[in-house]
Amino acid sequence: MTAPQNADLLLTGARVRTFDDAQPWAEAVGVTEGRISYVGPAADAPAARETRDLGGALVTPGIIDSHNHLLLGFDPDAVSLEGAETLEEVRRRIRDLAERRPDLDWICAENAVYSIVPGRRPNAADLAGLTDRPVFVTTYDQHSVWLNDAALRLLGIADGHDIPWGRPERDDAGGPTGWVTDFYTSAMTTAGLAGLQRDIPLYSPERRYRRLLGSLALATASGITTVVEPQVPLAELGLLDRARERGLLSSRVIAALFHPIDADAAFRRDLREAVDGATTDERLRFGPVKLYADDVIEPHTAWMLDDYANRPGHRGHPSAPIGELTRIVTELDRLGFQTHTHATGDGGIRLALDAIEAAARANGTRDRRHGIVHVECLHPDDLPRFAALGITAAMQPRHCSPDLVAGTWMENVGEQRWDRAWRLRSLMESGAHVALSSDWQVGEMDPLVGFYSALTRAGLDGRDAWTPAERIGLDDAIRGYTREGAWAWHAEDDLGVLRVGAKADVVAWSADLYEHEGDPAALLEQRAALTVVGGEIVHDADRDAAAPEQHDALTHCSAAHSTAAP
């Protein structure tokens, strides 16, 4: 091709994976006025105002993280339980925070694993003696909360009262155990969020905004050029607007608005008005709608087609009465919305598939590209339906790692159904669109962790690999984070591909990642060296190493690489 006379930026001396079928590989990429202006041999590349010779490192389209909870992030006034595999270690970390921070009214911890107490769920007694203050602990998936006795008393749960942001578990005598289920599905409703912000300082608007900014910095430093925030309550749209107005959206953000399963038609009209009236630009757009078909498998609350293996007679429950999800999806589809529906159990997945199929039939719509999120336990009869119906499977490779699911997910589902677990390869081979993502902070945001998990189905320490038939290759993993993510959000003409005319969203890695495909552990030692969004260099690892805020975010992220837990 004929090169332009000048470019703003030239990345050369690289191995360029374009995901453009007409030219899959190249050596150089030129950028002019925010768009790709050259892709081809280094020898034919144009002159540029700025040239970066990458020394043979890999260049790919920017990462599209199709399910990333920016508003969760990490809070510096809480303690992370990443890597805490025993109750003793959990207690040590919580006690340490309580002793260091006498100024905190609540002692909050994040990212506990369900298997922290073998054979049962944790309870309030497990937190006894650490502090006189209330303790609030979230699980790594944000679907359950663990409270101590002081918190149970302060919230009124000990006196038999309910809370708007979860379902307190009670023992046979009616007393609270300290465990709360259905947390995240309840907490992001209007009443749930108001109650949570009233009760728990961790969820104040200012702390949520601080989390948002920290997550965005981490995304940009991880090579992520588009982030889908999958669950934004209407009440928190202003947090994203605030970041946009201040020029702090370093990556593009697609915000999916949360639809409580019991919301009515008036609420859906409010959603439509909110999206139509929102101020958006190249870095921010609203539009998808987040729904729940069921909850999660670990606390036995996802809906299964057959009994849980370790709880005979129990199959969990759908998030709404049968038929209600179909009615909601049909109306949202008619209103022009694309849905993004959480479904983990094989019953929940079938419910979501049925709802989307019924909506298309009722409305005569085509190519809406509704998505089903997680797809953790997929019945064989439902696997071909994703491709047939044009439904995106929005999946997270890290979720199937044994260090997350052994002792809970595996035992609850039972070995006879393990072949239904996170069927990445089978779905891709069926022709389905599989958009990969992190589900930060349920999993590490770094896409290199996702690549590794997709290739190995093992823990980050390389142990206990399982379901090897569903491993995928590195090229398919990168495609899932780029080309497939662009398709999922109707952006395949502009994003997820390096070809002339596309938006210049590009990531240069620290090495040629394909050289490490035979040794996936080596992927965890790499990094995003350069992140470009719309032609602007928003992250340069060498330049940003001296910036304290970037350094702190990267240190927090990379610490996960040295542990066997999320």
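## Reading the calls in this model

Analyst: Let's start with the second largest cavity, which is lined by Ser66, Gln338, Thr339, His340, Arg369, His370, Gly371, Thr392, Ala394, Ala488 and Trp489. Keep in mind that this is a predicted model.

User: What makes a residue part of the lining of the second largest cavity?

Analyst: A lining residue has an atom within 4 Å of a cavity point, and Trp489 is one of those that pass. The volume here is about 60 Å³. Strand E18 (339-343) and strand E20 (392-395) each put at least two residues into this lining.

User: How is the lining of the second largest cavity split by class?

Analyst: There are three nonpolar, seven polar and one charged residues. Ala and Trp count as nonpolar and Arg as charged, while Gly goes with the polar group. Ala394, Ala488 and Trp489 are therefore nonpolar, and Arg369 is charged.

User: How many cavities of 30 Å³ or more are there, and what is the volume of the largest cavity?

Analyst: The structure has four cavities of 30 Å³ or more, and the largest cavity comes to about 190 Å³. It has 21 lining residues, with Asp141, His374, His399, Asp439 and Val442 closest to its centre. Strand E17 (284-292) and helix H11 (402-405) each supply at least two residues of that lining. By class, the lining has nine nonpolar, seven polar and five charged residues.

User: Why is the other site called a pocket and not a cavity?

Analyst: A cavity is a space the probe cannot get out of, whereas a pocket is an open set, so the label depends on that openness. The second largest pocket has a volume of about 400 Å³. Its lining runs to 19 residues, with Thr185, Ser186, Thr189, Ile261 and Ser319 nearest the centre. Seven of the lining residues are nonpolar, seven polar and five charged.

User: What makes Arg49 and Asp8 a salt bridge?

Analyst: Their N-to-O distance is 3.1 Å. The cut-off is 4 Å between a side-chain nitrogen of Lys or Arg and a carboxyl oxygen of Asp or Glu, so the pair qualifies. Arg49 sits in strand E6 (residues 47-53) and Asp8 in strand E1 (residues 6-12), 41 residues apart. In all, 48 salt bridges are counted by this rule.

User: Why is Arg49 called exposed, and why is Asp8 called partly exposed?

Analyst: Arg49 has a relative accessible area of 71%, and exposed means over 50%, so the label fits. Asp8 is at 25%. Partly exposed covers what falls between under 20% and over 50%, so Asp8 belongs there.

User: What about Glu110 and Arg211: how do you know that they form a salt bridge, and are they buried or exposed?

Analyst: The closest N and O atoms of Glu110 and Arg211 are 2.6 Å apart, within the 4 Å limit. Glu110 lies in strand E10 (residues 107-112) and Arg211 in helix H5 (residues 205-221), so the bridge ties together parts that are 101 residues apart in sequence. Glu110 has a relative accessible area of 2% and Arg211 has 3%. Buried means under 20%, so both get that label. They also belong to a network of salt bridges that links Asp75, Asp77, Arg101, Asp103, Glu110, Arg207, Arg210 and Arg211. Within it, Asp103 and Arg101 meet at 2.8 Å.

User: How do you know that Cys400 is in no disulfide?

Analyst: The nearest cysteine sulfur, that of Cys377, is 13 Å away, and a disulfide needs two sulfurs within 2.5 Å, so Cys400 doesn't make one. The count for the structure is zero disulfides. Cys400 is at 0% relative accessibility, so the label is buried. Cys108, at 2%, is buried as well.

User: What makes E2 and E7 a strand pair?

Analyst: Pairing needs at least two bridges. Strand E2 (residues 15-17) and strand E7 (residues 58-61) have two, in the parallel sense, with Val16 opposite Val59. E7 also joins strand E22 (residues 506-509) through three bridges, antiparallel, and Pro61 has Val506 as its partner there. E22 then pairs antiparallel with strand E23 (residues 528-533) over four bridges, one of them matching Val507 with Thr531.

User: Why are E3 and E24 called edge strands?

Analyst: The open sheet has six strands in the order E3-E2-E7-E22-E23-E24, with mixed pairing. Strand E3 (25-26) and strand E24 (536-540) each pair on one side only, and that earns them the name.

Notes:
Residues numbered from 1 in each chain as written. Predicted model: local features only at pLDDT ≥ 70, side-chain atom pairs only at ≥ 80, totals over all residues. Heavy atoms only, no water. 1 Å grid on protein atoms, 1.4 Å probe; cavity = no way out; pocket = protein on both sides within 12 Å on 5 of 7 lines; lining within 4 Å. Points joined across faces, edges and corners; volume = space filled by probe spheres on them. Buried < 20%, exposed > 50% of the residue type's maximum accessible area, 1.4 Å probe, protein only.
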